[in-house]
Amino acid sequence: GKQIQVLSGHLQWVYCCSISPDCSMLCSAAGEKSVFLWSMRSYTLIRKLEGHQSSVVSCDFSPDSALLVTASYDTNVIMWDPYTGERLRSLHHTQLDPPMDDSDVHISSLRSVCFSPEGLYLATVADDRLLRIWALELKTPIAFAPMTNGLCCTFFPHGGVIATGTRDGHVQFWTAPRVLSSLKHLCRKALRSFLTTYQVLALPIPKKMKEFLTYRTF
């Protein structure tokens, strides 16, 4: 219970923190338009990631630490390269057509985003009463589930199930896709677990391989 360090710099409530699996970085989201990326070795600010148009309230690293996702009230999830600060992709939460019920389902604020344990899927919770599951390489959700008052989500460590928390005081469980990772993805995941983006780019390998290893080939 001894306090080790304090990271100061945010002006709003800190809604979410995520530590990279390689323990080198921490991302913090504090209801501001930018998120802060900190070094876990020196406890100093590495950079601010700017790109959202409204408050950012959730963040999560991929299992190999190569990607960072942030979710905002602006209805977008942004996928970043945490090593370079480059914005790789945006996932926009649009209205279902037709709506899942007769109520006024609208484009609304995101509450939570999380990676699946193998790093091939994302789950998001939004105020439009939907849990969405996204495949990493697609720009549209592959599955929807109706849920009310959702606030947070997380995958089971072995995959196959998502747990969500609600304002009603409930924890709900949902089935999620189970996938057998390709050999290419397993190799990428293994390499990126200990190689930064800059180290990959310095390797004497073909450009296409570098693009794949740095998630530039969605």
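The exercises below, each with a worked solution, deal with a predicted model.

**Exercise 1. Describe the open sheet of four strands: its strand order, its pairing and its edges.**

Solution.
- Step 1. Recall that strands of a sheet pair through backbone hydrogen bonds, either parallel or antiparallel.
- Step 2. Read off the order, which is S1-S2-S3-S4, with antiparallel pairing.
- Step 3. Find the strands that pair on one side only: these are strand S1 (16–19) and strand S4 (45–50), the edge strands.
- Step 4. Add the twist, which averages 20° from one strand to the next.
- Step 5. Look at one pair in detail. Four bridges join S1 and strand S2 (residues 25–29) in the antiparallel sense. Cys-17 has Ser-28 in S2 as its bridge partner.

**Exercise 2. Describe the open sheet of three strands, S13-S14-S15, and its edge strands.**

Solution.
- Step 1. The pairing in the order S13-S14-S15 is antiparallel.
- Step 2. Strand S13 (150–155) and S15 are the edge strands, since each pairs on one side only.
- Step 3. On average, neighbouring strands of this sheet are turned by 25° against each other, direction ignored.
- Step 4. Take the pair S13 and S14. These strands run antiparallel and are joined by five bridges. Cys-153 stands opposite Thr-164 in S14.
- Step 5. Take the pair of strand S14 (residues 161–166) and S15, again antiparallel, with five bridges. Ile-162 has Trp-174 in S15 as its bridge partner, and Gly-165 stands opposite Val-171 in S15.

**Exercise 3. Find the glycine with a positive phi in the hairpin of S13 and S14 and the one in the hairpin of S14 and S15.**

Solution.
- Step 1. The hairpin of S13 and S14 has five residues between the strands, and there Gly-159 takes a positive phi near 80°.
- Step 2. The hairpin of S14 and S15 has four residues between the strands, and there Gly-169 takes a positive phi near 85°.

**Exercise 4. Why is S14 called largely enclosed by the rest of the structure?**

Solution.
- Step 1. Use the cut-off: a residue is buried when its relative accessible area is under 20%.
- Step 2. Of the six residues of S14, five are buried, so the strand is largely enclosed by the rest of the structure.

**Exercise 5. Is Phe-173 buried or exposed, and which surface patch does Phe-173 help to make?**

Solution.
- Step 1. Locate Phe-173: this residue is in strand S15 (residues 171–175).
- Step 2. The cut-off for exposed is over 50% relative accessible area. Phe-173 counts as exposed because its relative accessibility is 53%.
- Step 3. Together with Phe-156 and Val-171, Phe-173 makes a nonpolar surface patch of about 310 Å².

**Exercise 6. Which residues have the most contacts inside the largest nonpolar core, and which elements give two or more residues to this core?**

Solution.
- Step 1. The core has 16 residues, and those with the most contacts inside it are Leu-67, Val-69, Val-77 and Leu-122.
- Step 2. The elements giving two or more residues to this core are strand S6 (68–72), strand S7 (76–80), strand S8 (87–92), strand S9 (110–115) and strand S10 (121–126).
- Step 3. S9 gives the largest share, three residues.

**Exercise 7. Which residues are linked with Arg-216 in a network of salt bridges?**

Solution.
- Step 1. Start with the total: there are five salt bridges.
- Step 2. One of them joins the side chains of Arg-216 and Asp-81 (2.8 Å, N to O). Arg-216 is in the segment after helix H3 (207–213) and Asp-81 is in the loop between S7 and S8, 135 residues apart.
- Step 3. The side chains of Arg-216 and Glu-86 also meet in a salt bridge (2.5 Å, N to O). Glu-86 lies in the loop between S7 and S8 and Arg-216 in the segment after H3, so this pair ties together parts that are 130 residues apart in sequence.
- Step 4. Asp-81, Glu-86 and Arg-216 are therefore linked in a network of salt bridges.
- Step 5. Compare the accessibilities. Asp-81 is buried at 1% relative accessible area, Arg-216 is partly exposed at 29%, and Glu-86 is partly exposed at 36%.

**Exercise 8. Where do Asp-127 and Arg-111 lie, and how far apart are the closest N and O atoms of their salt bridge?**

Solution.
- Step 1. The closest N and O atoms of the salt bridge between Asp-127 and Arg-111 are 2.8 Å apart.
- Step 2. Asp-127 lies in the loop between S10 and strand S11 (130–135), and Arg-111 lies in strand S9, so the pair ties together parts that are 16 residues apart in sequence.
- Step 3. Asp-127 is partly exposed at 23% relative accessible area, and Arg-111 is partly exposed at 21%.

Terms used:
Residues are numbered from 1 along each chain as its sequence is written. This is a predicted model: local features need pLDDT of at least 70, side-chain atom pairs count only at pLDDT 80 or more; totals for chains, interfaces and linings use all residues. Side-chain values use heavy atoms; hydrogens and water are left out. Patches are made of residues with over 30% relative accessible area and no salt bridge: like charges are joined within 9 Å, nonpolar side chains (Val, Leu, Ile, Met, Phe, Trp, Tyr) within 5 Å. Accessible areas come from the Shrake-Rupley method with a 1.4 Å probe; for residues, only the protein chains shown count as cover. A salt bridge is a side-chain nitrogen of Lys or Arg within 4 Å of a carboxyl oxygen of Asp or Glu. Buried means under 20% relative accessible area, exposed over 50%, partly exposed in between (1.4 Å probe, protein chains only). Two strands pair if DSSP finds at least two bridges between them. Axes are lines fitted to C-alpha atoms, for helices over the stretch in contact, and angles run from 0 to 180 degrees between N-to-C directions. A nonpolar core is a set of buried Ala, Val, Leu, Ile, Met, Phe, Trp, Tyr and Cys residues joined through side-chain atoms within 4.5 Å.
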